[in-house]
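Here are a few exercises to work through with the model open beside you. Try each task before you read its solution.

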Amino acid sequence: MKGAALKLILLGAAFLFARASVADNMIMARVPLRAEIVLEYVKASVEEHGYTVAHLQLCDGGMKDFGYESDFYRVVFFGKVDEVRMVSARYPELVSYLPLKIAVIAEKNETLLTVLNPEALAPFFPDEALQIQLGRWQSDLMSIFQDVRRAVGARIVSNH
Amino acid sequence: MNLIRLLSGGLAIAAFSVLGTANAAPDGRELYIEHCSACHQMEGQSGIGLPLLNAKLADVSDNYLHSTIRLGRPGRVMPAFQRLSDAQVGAIVKFLRQRSETKEIVYSDEPVAGDAAHGQALYAENCVKCHGADGTGEGPGTGVTTSRERTFLVMPASISNTGFLASAPDQMIRRVIHVGRKSSGMPSFDGKLSETDIDDLVAYVRSFEQQERSVAEIDADERPTHVFESPHDFETTVKNVKAALTGANFRIFPDRLLEQGLTDEFSVNTRQVGVRFCNFNVLYGMLKIEPRLGVVLPCRITIMEREGGEVILVVPNLRVISRWFNNDELVGLWDRMEETFTNIIDEATL
């Protein structure tokens with residue numbers, strides 16, 4: 001029993017400091033908590049980073065409506081209106097990738113957070129100002145994932 | 001009281017692991033959490049990535065693991081972690097060894113000499129059912145996702161993959177054919193095939209190195225989106241796009257303005273709209289192939305009226321996006337879907 005508790009606490013503590021994985025085109029993080037709860041942490045962190053949550057896509061709901069079984073699968077759309085306006089005016093090609101979006105995917109009692117790495121777009125747009133913007137988005141997304149993992153880690157530690 | 005002690009102990013260990021000196025040796029567990037756990041889960045149970053079973057780790061060398069992390073599996077989801085240092089990759093391998101309590105099998109680099117032509121006949125008879133005629137693995141699927149159905153618990157290894165072939169020496173392939181892999185359902189051919197037959201099979205598997213990847217490279221000048229000019233006004237363009245989508249069997253969601261939800265309803269630009277659409281049958285099938293698809297959902301054609309009244313349509317280039325997933329099966333499907341999108345735009349802008 002003590003061993004299990006210690007294991008959980010260590011896991012939670014490890015998540016307090018863990019960073020998200022960047023595999024070039026995708027930023028991903030696994031969170032050891034149910035997706036319904038993690039989604040709330042994601043939304044909170046998105047807003048703490050100065051973004052507005054524009055809407056929530058209920059992918060699982062859509063599929064269920066058409067008879068397809070699906071686990072909890074949501075997409076959080078968010079952005080800053082000034083940035084969206086700047087991009088749509090100067091780089092209309094990029095509007096397909098805005099607002100930014102994070103997929104919140106249930107895997108049993110854990111959650112996978114995934115987002116396209118904005119820096120994957122960098123090679124297509126040599127413009128310096130846009131490179132800075134893409135880098136900032138990447139940095140914010142990493143920070144959001146890190147915040148979520150910290151919050152979940154703290155929750156695991158405090159619950160045990 | 002015990003819990004408090006445990007709590008502070010856990011925190012202290014975690015804090016120490018992070019706040020240790022910058023020159024400290026890389027921590028394999030931290031690196032595993034950061035780079036591997038998203039796909040393989042914390043204990044290696046599998047997810048988008050294959051399970052890192054103890055029995056499987058016991059079959060391979062540290063060099064194989066190192067090379068697999070470094071090279072990935074092109075087209076099979078597992079990325080190539082080129083940015084990690086050798087010390088970091090080594091730390092992850094060491095962590096995997098410690099966690100699984102396994103010892104590596106060290107294979108010699110001595111090549112196996114065999115008759116690849118005879119090996120091909122043996123392959124067709126004994127291996128093709130699971131590994132496929134081209135060695136890419138059984139049927140649809142690129143890995144294991146615990147929340148979705150699969151024909152096999154573990155996808156048979158893509159033994160023609162360049163990442164696999166560069167990581168697995170002949171002697172390892174030979175041994176796996178000999179003893180099988182209980183962890184993944186690979187049977188032992190000991191006693192069923194002679195030593196010479198097995199050597200011939202190894203030679204044939206090695207010959208996959210000459211096989212070209214089925215996924216074509218995209219042109220260097222391809223852009224991540226297509227931008228089309230519409231000959232029609234904004235409203236007509238939106239209407240035409242919807243009609244073309246309906247004709248192509250897509251379900252259309254309510255319009256969504258690009259700025260909607262980001263500002264108040266009086267400030268939102270109403271001349272920038274996303275027409276969002278989906279074919280749930282296709283989507284359901286695609287999510288089995290690539291569970292992370294949500295990062296580009298839903299399908300959307302953005303119609304914008306520019307200053308001066310020019311109307312443009314912005315459509316994601318599926319050929320470019322699909323390649324970001326390192327998933328050949330998705331690429332094949334999306335290359336075909338790209339044609340559908342092109343037809344829709346053609347019809348809408350006639």
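## Exercise 1: Domains and the core

Chain B of this predicted model is divided into domain 1 (116-210) and domain 2 (225-348). Task: find how far apart the C-alpha centres of these two domains lie, and where the largest nonpolar core lies relative to them.

Solution. Start with the centres: those of domain 1 and domain 2 of chain B are 40 Å apart. Next, turn to the largest nonpolar core, which has 123 residues. Those with the most contacts inside it include Val38(A), Leu113(A), Ile92(B) and Ile303(B). Helix α5 (residues 128-159) of chain A gives the most to this core, with ten residues. Domain 1 (116-210) and domain 2 (225-348) of chain B both give residues to the core, so it lies between them.

To look at one core residue up close, pick Ile92(B): leaving out residues up to four places away in sequence, it touches Gly28(B), Leu31(B), Tyr32(B), Cys36(B) and Ile69(B).

## Exercise 2: A strand and its partners

Task: describe how strand β5 (residues 299-305) of chain B is covered, and which way it runs against β4(B) and β6(B).

Solution. First, check burial: six of the seven residues of β5(B) are buried, so the strand is mostly covered. Second, pair it with strand β4 (residues 272-278) of chain B: the two run antiparallel and are joined by six bridges. Within this pairing, Gln272(B) has Met304(B) as its bridge partner. Third, take strand β6 (residues 311-316) of chain B, which pairs with β5(B) in the antiparallel sense over four bridges. Here Thr302(B) stands opposite Val314(B). Finally, look at the hairpin of β5(B) and β6(B): five residues sit between the strands, and Gly308(B) takes a positive phi near 95°.

## Exercise 3: Backbone details in loops

Task: locate the cis peptide bond before Pro298(B), then decide whether Lys108(A) and Asn326(B) are buried or partly exposed.

Solution. Begin with the bond from Leu297(B) to Pro298(B), which is cis with omega near -10°. Pro298(B) lies in the loop between α13 (280-289) and β5 of chain B.

Now take Lys108(A), in the loop between β5 and β6 (110-116) of chain A. Its phi is positive, near 55°, though the residue is not a glycine. Lys108(A) has 13 C-beta neighbours inside 10 Å, so it counts as partly exposed.

Asn326(B), in the loop between α14 (318-323) and α15 (328-348) of chain B, is also not a glycine and has a positive phi of about 50°. Asn326(B) is buried because 23 other C-beta atoms lie within 10 Å.

Note on methods: Residues numbered from 1 in each chain as written. Chains lettered and ligands numbered in written order. Predicted model: local features only at pLDDT ≥ 70, side-chain atom pairs only at ≥ 80, totals over all residues. Domains from an automatic or database assignment. Buried ≥ 20, exposed ≤ 12 C-beta atoms within 10 Å, placed from the backbone. Pairing = 2+ DSSP bridges. Core = buried A, V, L, I, M, F, W, Y, C linked by C-beta atoms within 7 Å. Contact = placed C-beta atoms within 7 Å.
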